Amino acid sequence: MSITKGGVILIYYKLLRESVHKTREYVPGKSIEEIAKKYNIDPENIIKLGSNENALGASPKAIKAIIENAKEIYRYPSADATELRDAISEYVKYPRDNIVVGVGMDGVLDTLMRLFVGIGEEAIIPTPTFSYYEFTVNVHGGTPIFIRRDENFNIDVDKLLNRVNKKTKFIFLCSPNNPSGNTMMEEDIRKIVESVNAIVLVDEAYVEFANKSIVHLVKEYENLVVTRTMSKLFGLAGFRVGYGILPDWMVSEYLRVTTPFSVNRLAVVAGVAALKDKEFIKKSIENAKIGREILKKIPFKVFQSEANFVLVDVSPYTAKEVTESLLQKGIIVRDCTSFRDAGDSLIRITIGTPEQNERVIEGLFRFKV
Ligand SMILES: *Cc1c(COP(=O)(O)O)cnc(C)c1O
């Protein structure tokens, strides 16, 4: 049977890898440009609380570094981003030789999949969670195995361990978890790492807002990896910088298969400057903590969060109708319907500035039951 698109026969469609067919397209949060056009709203009046970006923007020191280094972009960056890895090392208090970087954490996850998960192999993903895990496992030909979190989004460790078998190569943990904002207990992470013959990854994209890192455990276990990003707290989402803290043996393997020069020259200098901007870091964490308290005024169930966002259950309404209504007012939040096993009544709201937080609360009061 021939495959057609718009009446045209796609002769070479059959050449696509099988893994392509298994992969669902990644659903990103909505952009300001998209909403301005669709609802005919001035972009200036739109607030974006859908992608967990930093409400305070980017570190002014990072912006200055970018401008000062702009004329250098004709040169390749250093192949292994030494300056950035040094700055990360100082920030996380872990040796530079254990730190690797990538194009966003997404890029780091892709490289780890190249190393560990191939056709017919399994990766365990406790849902609902960050949907890129499922995406990158599928793209690399692996099989995601989903286990559902409980009603408070905690992981039943024994239930997870029951799903481990000979094909299990990788386990994705996320603390604080996106979209729920809850963290894992260190003893649960230890138990999983010690019980399996697989790599355990702990995604700490939001860890600074929780102040509960488990990076120190990487020293103790050869099968534990921690990944982080500069997209959230550091306000560099547009630059795509992520990093990983790896056990000794894994670093050379990672460097063997990763894309060289992956982090660009300006992202390196911006990253270094942002990591050293203690004042901006402190202000950003404060803003999220204050915002989390304020957003408890929302007239629905707001889950306890240790991140820079909160998860809200808007039932008896659907997430779709609530997010649509907010969009008409120029407020972008995340409809979690596209998150596997999240149901249809959850929305995720990024902590904004105090004014933005009040606007979103006001927008939701219309729905009060
Ligand atoms: C945003 C996010 C990432 C991705 O970060 P990038 O560095 O922007 O690719 C990874 N994990 C979680 C849980 C996230 O929310």
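**Notebook: cysteines, one sheet and the overall fold**

I began with the cysteines and found that the structure holds zero disulfides; I keep in mind that this is a predicted model. To remind myself of the term, I wrote down that a disulfide is a covalent bond between the sulfur atoms of two cysteines.

Next I asked myself why Cys174 has no such bond. The closest cysteine sulfur to that of Cys174 belongs to Cys336 and lies 13 Å away, which is too far for a bond, because the two sulfur atoms of a disulfide have to be within 2.5 Å. Looking from the other end, I noted that Cys336 is in no disulfide either, and that its nearest cysteine sulfur is that of Cys174, at 13 Å.

Are these two cysteines buried or exposed? I found that Cys174 has a relative accessibility of 3% and therefore counts as buried, since the cut-off for buried is under 20%. Cys336 is buried as well, with a relative accessible area of 0%.

I then turned to the secondary structure and recorded 14 helices and 14 strands in the protein chain. I followed one open sheet of five strands, whose order is 3-13-14-12-11 and whose pairing is mixed. Which strands form its edges? They are strand 3, at residues 47-49, and strand 11, at residues 301-302, and each of them pairs on one side only.

At the strand 11 edge, I saw that the neighbour is strand 12, residues 309-313, that the two strands run antiparallel, and that two bridges join them. For Lys301 I looked up the bridge partner in strand 12, and that partner is Asp313.

I also checked what lies against this sheet, and noted that helix 14, residues 354-365, packs on it. This helix touches strand 3, strand 13 (331-335) and strand 14 (346-350), and its direction makes about 85° with that of strand 3.

Last, I looked at the chain as a whole. The protein chain has 369 residues and a radius of gyration of 21 Å, which agrees with the value near 21 Å that a compact globule would have. Its C-alpha atoms fill a box of roughly 55 × 55 × 55 Å along the principal axes.

I noted that 52% of the 369 residues count as buried, and that the chain exposes about 17700 Å², of which carbon and sulfur atoms supply 53%. Among contacts with a separation of 6 or more, I recorded that 73% come from residues 24 or more positions apart.

Methods. Residues are numbered from 1 along each chain as its sequence is written. This is a predicted model: local features need pLDDT of at least 70, side-chain atom pairs count only at pLDDT 80 or more; totals for chains, interfaces and linings use all residues. Side-chain values use heavy atoms; hydrogens and water are left out. Buried means under 20% relative accessible area, exposed over 50%, partly exposed in between (1.4 Å probe, protein chains only). Two strands pair if DSSP finds at least two bridges between them. Helices (H or I, at least four residues) and strands (E, at least two) are DSSP runs, numbered from the N terminus. Contact means heavy atoms within 4.5 Å. Axes are lines fitted to C-alpha atoms, for helices over the stretch in contact, and angles run from 0 to 180 degrees between N-to-C directions. The radius of gyration is taken over C-alpha atoms; the globule rule is 2.2 Å times the number of residues to the power 0.38. Accessible areas come from the Shrake-Rupley method with a 1.4 Å probe; for residues, only the protein chains shown count as cover.
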